[in-house]
Amino acid sequence: MIYLDNSATTPLDSEASKELINYSCLNFFNPSAIYGKALDVKKDIESAKQTIAKSLGASFNDNIIFTASATEANNMAIMGAYRKNFGKMLFTMGEHPSVYNVALNLKNLGVCVEFINLQPNGEVDYNDLESKMSENVSFISVMLCSNETGAINDLKRIYELKSKYCPNAIFHSDGVQGYGKIKVNVDYFGVDLFTISGHKIFGPKGIGALYVKDKTKLNPIIYGGGQEYALRSGTENVASIMALKKAVENFGNLNENYSHVQQCFNAFLDNIDKNNVKINSFGSPYVLSLSFLGVNGETLVHMMESKNVYISRGSACSSKKAGNRILENMGLTPEEILGSVRISFSKNTTLEEAISAGNILNNCYKELKEKLK
């Protein structure tokens with residue numbers, strides 16, 4: 001099997017799986033209990049926060065709040081920050097559904113929400129963003145790296161614009177597709193809220209986290225026993241938290257990983273006939289978006305599956321919806337969107353796998369085009 005859908009999910013790191021078992025079967029204690037073994041588990045959670053805070057470049061480990069997913073973390077960031085006296089809220093057209101659909105819901109409820117267009121390369125249109133900034137802006141959400149195209153947004157540039165036009169606005173970034181792949185420093189980026197996910201970085205499903213610069217600016221959206229500074233109640237998923245910690249510890253050298261993935265990215269593309277293919281990706285080599293003209297991308301995905309190679313149409317959270325909001329906003333034609341596929345690499349992808357998959361995809365495309373003549 002050649003697995004090239006790493007933006008959808010990744011396999012669990014072997015050492016992380018041991019932590020999952022350890023804290024499920026041996027150190028299974030509830031960290032809210034008052035006896036010694038439970039208090040030890042509570043300390044372990046604090047250690048996990050410290051590890052993750054350090055990986056984010058955060059100043060303090062108590063800025064980390066664990067959630068059940070990145071989707072929950074994004075919802076917490078937006079709905080937890082929202083106040084009735086908010087002015088304008090800005091979101092990009094490139095956001096993941098767990099951000100975009102929350103924004104749409106707020107707009108439907110009468111909140112002043114505006115969407116920022118994308119450039120043809122998939123990055124946010126900084127000029128459009130600047131034109132919509134004013135003192136009335138209360139909240140801005142711009143993802144770090146696109147899950148569809150790999151486009152990387154310049155968060156530092158956005159922070160500088162925010163500081164100029166709306167210094168009091170809360171700045172959130174969905175960092176899921178960038179974290180663990182490119183260098184992240186939340187202090188440098190100037191973000192107030194930053195989302196990460198476990199299963200995108202060889203951690204378990206069912207665990208995410210939200211970096212919160214100032215917890216006083218966030219209200220809980222889940223009420224209960226007061227865990228996670230009373231911002232996210234519910235007994236902590238200790239096993240997944242500790243498995244996430246181990247996955248973070250096993251990132252390896254990000255620069256070396258990036259260089260290796262870039263080689264895989266280039267090798268894959270070298271085996272694609274560019275005559276009838278449009279490359280939609282500009283940014284992170286971990287994500288490659290291609291449009292094969294004259295065919296249906298879904299058919300290509302299933303042809304690849306039959307050859308034991310796994311790619312996708314795009315975001316798994318949008319896979320059952322027609323069209324592609326992000327590619328459309330980048331200016332792609334309906335034909336280009338219909339023929340689009342996404343290939344996503346990981347640090348564990350081998351060069352041989354990338355070369356082989358590129359050849360197989362190219363052959364599948366040629367075969368499909370012949371059948372459609």
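This passage describes two sheets and several helices of a predicted model.

The sheet of seven strands is open and follows the order β2-β8-β7-β6-β5-β3-β4, with pairing that is mixed in sense. Its edges are formed by β2, which spans residues 64–67, and by β4, which spans residues 113–116, and each of these strands pairs on one side only. On average, and with direction ignored, neighbouring strands of this sheet are turned by 20° against each other. At the β4 edge, strand β3 (residues 88–92) runs parallel to β4 and is joined to it by four bridges; within this pair, Thr92 has Ile116 of β4 as its bridge partner.

Two helices that pack on this sheet can be described in turn. Helix α3, made up of residues 70–81, touches β2, β3, β5, β6, β7 and β8 (208–212), and the direction of α3 makes about 165° with that of β7. Helix α4, made up of residues 97–108, touches β3, β4, β5 and β6, and its direction makes about 145° with that of β4.

Helix α6 covers residues 155–165, and within it Leu155, Ile158, Leu161 and Lys162 are buried, that is, under 20% relative accessible area. When α6 is viewed down its axis, the buried residues fall within an arc of 120°, and they therefore line one face of the helix. A general feature of the α-helix is relevant to such a pattern: with 3.6 residues a turn, residues three or four places apart point the same way. The buried residues of α6 are covered by elements that include three strands of the sheet described above, namely β5 (137–141), β6 (170–174) and β7 (193–197), and also by the helices α5 (126–131) and α7 (186–189). The N-terminal end of α6 is capped by Asp154, of which a side-chain oxygen lies 3.3 Å from the backbone nitrogen of Lys156.

A further open sheet consists of three strands in the order β9-β10-β12, and its pairing is antiparallel. Strands β9 (277–279) and β12 (340–344) are the edge strands, each of them pairing on one side only, and the twist from one strand to the next averages 25°. Strand β10, which comprises residues 287–292, pairs with β12 in the antiparallel sense over five bridges. In this pairing, Ser291 stands opposite Ser340 in β12.

Terms used:
Residues are numbered from 1 along each chain as its sequence is written. This is a predicted model: local features need pLDDT of at least 70, side-chain atom pairs count only at pLDDT 80 or more; totals for chains, interfaces and linings use all residues. Side-chain values use heavy atoms; hydrogens and water are left out. Two strands pair if DSSP finds at least two bridges between them. Axes are lines fitted to C-alpha atoms, for helices over the stretch in contact, and angles run from 0 to 180 degrees between N-to-C directions. Buried means under 20% relative accessible area, exposed over 50%, partly exposed in between (1.4 Å probe, protein chains only). The arc is that of the directions from the helix axis to the C-beta atoms. Contact means heavy atoms within 4.5 Å. A polar contact is a pair of N or O atoms within 3.5 Å; within protein, one must be able to donate a hydrogen and the other to accept it, and residues adjacent in sequence count only if both atoms are side-chain atoms.
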